[in-house]
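Reader: Please take one part of this model and go through it closely, residue by residue where that helps. I would like a single connected account rather than a list.

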Amino acid sequence: MRILNATGLVAALLLAGCGSSAPPPPPPPVVAPIANAVTGSISLIEPRELSEAAKVDVKVYDVAHPEVVLAQATLPNANKLPLQFNLPIDTSKVDPKGTYALDAMLTDGDRRFLKKLEYQVLTDKAHTAKVDVQLAPEPTPAEKLFEEYRKAVGQTGNLKQISGKYSNDNFGTAWDAFLSGGKVKFVREVTDAYDDSGRTTYKVAYKDDKPWVIVKEASPAGSRTVLSTSKVGWGDDGSLVLHEKAANGGQSSDVSEADAKSMREHAEGLLDVAQGHAPKINTGAQTDSKAGNKAKDTKKKH
């Protein structure tokens with residue numbers, strides 16, 4: 001009887017095991033919904049005074065296809081920062097597998113301020129919908145041109161140098177020029193007026209045999225103390241890109257078109273003088289010609 005009862009108990013346990021089901025699978029992870037707006041603020045990494053014409057352009061775009069813009073806006077009166085923004089998003093146009101980012105640019109005259117980082121939004125891991133953007137200044141075309149000039153001046157130590165001087169009853173002038181391949185690349189001219197009215201210094205860089213960047217400094221007679229500096233420079237298309245004048249006290253203004261033209265004409269005259277004093281370089285054709293003449297002379301002797 002005991003054997004039968006034990007057998008029945010084992011059978012009951014087996015039947016109970018067969019009737020049990022596996023534990024249910026874990027629920028799928030909750031996917032955060034796509035935000036229907038991207039908000040935030042715009043500020044500068046290094047605060048500075050901006051004009052009333054300053055504006056901010058902000059947009060949300062597809063990183064893989066930058067031409068696809070989900071939202072954009074232009075914010076005027078951007079001279080008071082930080083500036084708040086709100087860009088509504090049509091979530092039906094958002095690909096959950098896509099990558100989207102916020103772009104912002106502040107413009108104030110010729111100066112642009114750009115972001116240094118990429119600000120991903122909407123579909124990133126955090127589903128970012130609020131961004132505080134910091135912008136940094138981009139060099140203006142004039143600043144880029146003058147930086148190129150500074151680099152070119154730094155290379156004059158590797159060039160051939162010539163010099164000269166001339167004078168009349170009113171002033172005395174000394175100049176030196178720097179050449180590459182027989183061509184004048186840079187000229188420095190110092191003129192002192194005999195009536196003690198002052199000293200004028202020209203520093204001129206040339207490109208393609210034309211004045212490229214001109215720096216004109218005004219100083220007291222016989223002194224290196226600069227009272228004012230005028231800078232003009234032209235782009236590859238011939239347009240006047242750099243045209244600024246700064247006094248020793250820090251006040252700045254634009255160089256007029258008439259003054260820029262006068263400085264250019266003076267620089268062209270300097271080029272003529274310096275190039276006229278440049279040593280002549282024999283070309284291969286000249287060398288061959290001389291060799292041919294020498295051969296003819298040898299034949300006549302024989």
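Aromatic pair and surrounding sheet

Author: Searching the whole structure, which is a predicted model, gives two aromatic pairs. In one of them, Phe 178 and Phe 186, the ring centres are 6.1 Å apart and the planes meet at 45°, so the pair counts as tilted. Stacked planes would be under 30 degrees apart and edge-to-face planes over 60. Phe 178 and Phe 186 are both buried.

The strands that hold these two rings are a good place to continue. Phe 178 falls within strand 10, which covers residues 171-180, and Phe 186 falls within strand 11, residues 183-193. Strand 10 and strand 11 run antiparallel and are joined by 10 bridges. At the turn end of this pair, Ser 180 faces Lys 183 of strand 11. Two residues lie between the strands of this hairpin, and one residue there, Gly 181, has a positive phi near 60°.

How enclosed is strand 10 by the rest of the structure? Of its 10 residues, seven are buried, so strand 10 is largely enclosed by the rest of the structure. In a regular strand, side chains alternate between the two faces of the sheet.

Strand 10 also pairs with strand 9 (residues 160-167), again in the antiparallel sense, over eight bridges. Strand 9 and strand 10 make a hairpin as well, here with three residues between them. Ser 167 of strand 9 has Gly 172 in strand 10 as its bridge partner. Strand 11 in turn pairs with strand 12 (residues 199-207), with antiparallel sense and seven bridges. One bridge of that pair links Asp 192 to Arg 199 in strand 12.

These pairings belong to an open sheet of eight strands, ordered 9-10-11-12-13-14-15-16 and paired antiparallel. At the edges are strand 9 and strand 16 (252-254), each of which pairs on one side only. On average, neighbouring strands of the sheet are turned by 15° against each other, direction ignored.

Further along the sheet, the loop between strand 13 (210-219) and strand 14 (228-234) contains Ser 223. Is Ser 223 buried or exposed? Ser 223 has a relative accessible area of 18% and is buried, because the cut-off for that class is under 20%. In space, the C-alpha atoms of Ser 223 and Gly 198 are 8.4 Å apart, while the two residues are 25 apart in sequence.

Strand 14 also includes residues with charge-over-ring contacts. Lys 231 has its charged end over the ring of Phe 146, 4.0 Å from the ring centre. Trp 234 has Arg 264 over its face, 4.6 Å from the ring centre. Arg 264 lies within helix 3, residues 257-277.

Helix 3 has 21 residues and, at 1.5 Å a residue, should span 30 Å; its end C-alpha atoms are 31 Å apart, which agrees. Ala 260, Met 263, Ala 267, Leu 270, Leu 271 and Ala 274 are the buried residues of helix 3. Viewed down the axis of helix 3, they fall within an arc of 105°, so the buried residues line one face. On the face turned away from that buried side, helix 3 carries the exposed residues Ala 258, Lys 261, Asp 272 and Gly 276.

Note on methods
Residues are numbered from 1 along each chain as its sequence is written. This is a predicted model: local features need pLDDT of at least 70, side-chain atom pairs count only at pLDDT 80 or more; totals for chains, interfaces and linings use all residues. Side-chain values use heavy atoms; hydrogens and water are left out. Helices (H or I, at least four residues) and strands (E, at least two) are DSSP runs, numbered from the N terminus. The expected span of a helix is 1.5 Å times one less than its number of residues. Buried means under 20% relative accessible area, exposed over 50%, partly exposed in between (1.4 Å probe, protein chains only). The arc is that of the directions from the helix axis to the C-beta atoms. Rings of Phe, Tyr and Trp (its six-membered ring) pair if their centres lie within 6.5 Å; planes under 30 degrees apart count as stacked, over 60 as edge-to-face and the rest as tilted. A charge sits over a ring if NZ of Lys or CZ of Arg is within 6 Å of the ring centre and within 35 degrees of the ring normal. Two strands pair if DSSP finds at least two bridges between them. Axes are lines fitted to C-alpha atoms, for helices over the stretch in contact, and angles run from 0 to 180 degrees between N-to-C directions.
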